[in-house]
Amino acid sequence: MRKNFGSKPWLYPQPVLIISTYNEDGTADAMNAAWGGMYDSDKVMLCLSAGHKTTANIKNRKAFTVSFADAAHVVPSDYVGIVSANKDPEKMQKSGFHTTKSELMDAPLIDELPVSMECTLLKITEDGNIIGQIVNVSADESVLDGDGNIDLAKFRPISFDPVNSGYHVLGEKVGNAFRDGAALK
């Protein structure tokens, strides 16, 4: 038997995205954004309210990075989501995150988060969603396998559980995409 919950914003797994931008004075900013994902094969969509400092920065700089929070950095990743840069300009220093300027655009990469997408602003939709063009995906060598690909077990990205307000690590492989279903053909 199923239990009905009604309309809820529950998507599993829900990525924990850390959006990074530069402020007007050139300092880095970051925020935790639970609502975002792929928009097309080379685009990302973020659902950010207009009042976020990060939203204003994206409009101003036309660039941002999307890093994926991992198990090793739950505390600072959560912190940048619960503290507003509009109220605390020292937010990044307090988080413990360090940044390096992207070589491809006017946006910071968070050094501690090993996998990032570097994006330019394509448009903001009528309902305020930010659509970005993915220019590059970069990964620290520490999370790569022997073939040079991202190893989920080394990366240990986290997912947000919206029902219980928890973070959970991803990683156990249970099948092979685009192959296992062929057994039913």
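What is the volume of the largest pocket? In this predicted model, the largest pocket has a volume of about 250 Å³. Its lining consists of 13 residues, and Phe68, Ile150, Leu152, Phe155 and Pro157 are the ones that lie nearest the centre. By character, the lining residues divide into 11 nonpolar, 1 polar and 1 charged. Strand β1 (14-15) and helix α4 (152-155) each supply at least two residues of this lining.

From the pocket, the description turns to the nonpolar interior. In soluble globular proteins, nonpolar side chains tend to be buried together. Here the largest nonpolar core has 15 residues, and Ile19, Leu46 and Phe64 touch the most other members. At least two residues of this core come from each of the strands β2 (17-22), β3 (28-33), β5 (43-46), β6 (63-68), β9 (115-124) and β10 (130-139). Strand β9 gives the most, with 3 residues. A second, separate core of 14 residues includes Tyr22, Met92, Phe97 and Ile158.

Leu46 shows how parts of the chain that are apart in sequence meet at one position. Leaving aside neighbours within four places in sequence, Leu46 is in contact with Leu17, Ile19, Trp35, Gly36, Phe64, Asn129 and Ile130. Two of these partners, Ile19 and Phe64, are themselves named with Leu46 as touching the most other members of the largest core.

Cys119 offers another view of the strands. This residue lies in strand β9 and is buried, with a relative accessible area of 0%. Beyond its neighbours within four places in sequence, Cys119 is in contact with Val44, Ala63, Phe64, Val66, Met105, Gln133, Ile134 and Val135. Phe64 is thus a contact of Cys119 as well as of Leu46. The C-alpha atoms of Cys119 and Lys62 are separated by 8.7 Å, although these residues are 57 residues apart along the chain.

The cysteines raise a further point: how many disulfides does the count come to? The count comes to 0 disulfides. A disulfide is a covalent bond between the sulfur atoms of two cysteines. Cys47 is in no disulfide, and the nearest cysteine sulfur, that of Cys119, is 16 Å away. Because the sulfur of Cys119 is 16 Å from the closest cysteine sulfur, in Cys47, the separation is too far for a bond; the cut-off applied to a pair of sulfur atoms is within 2.5 Å. The surroundings of the two residues can also be stated: Cys47 counts as partly exposed at 35% relative accessibility, whereas Cys119 is buried at 0%.

How values were computed: Residues numbered from 1 in each chain as written. Predicted model: local features only at pLDDT ≥ 70, side-chain atom pairs only at ≥ 80, totals over all residues. Heavy atoms only, no water. Core = buried A, V, L, I, M, F, W, Y, C linked by side-chain atoms within 4.5 Å. Buried < 20%, exposed > 50% of the residue type's maximum accessible area, 1.4 Å probe, protein only. Helix = DSSP H or I, 4+ residues; strand = E, 2+ residues; numbered from the N terminus. Contact = heavy atoms within 4.5 Å. 1 Å grid on protein atoms, 1.4 Å probe; cavity = no way out; pocket = protein on both sides within 12 Å on 5 of 7 lines; lining within 4 Å. Points joined across faces, edges and corners; volume = space filled by probe spheres on them. Nonpolar A, V, L, I, M, F, W, Y, C, P; charged D, E, K, R; others polar.
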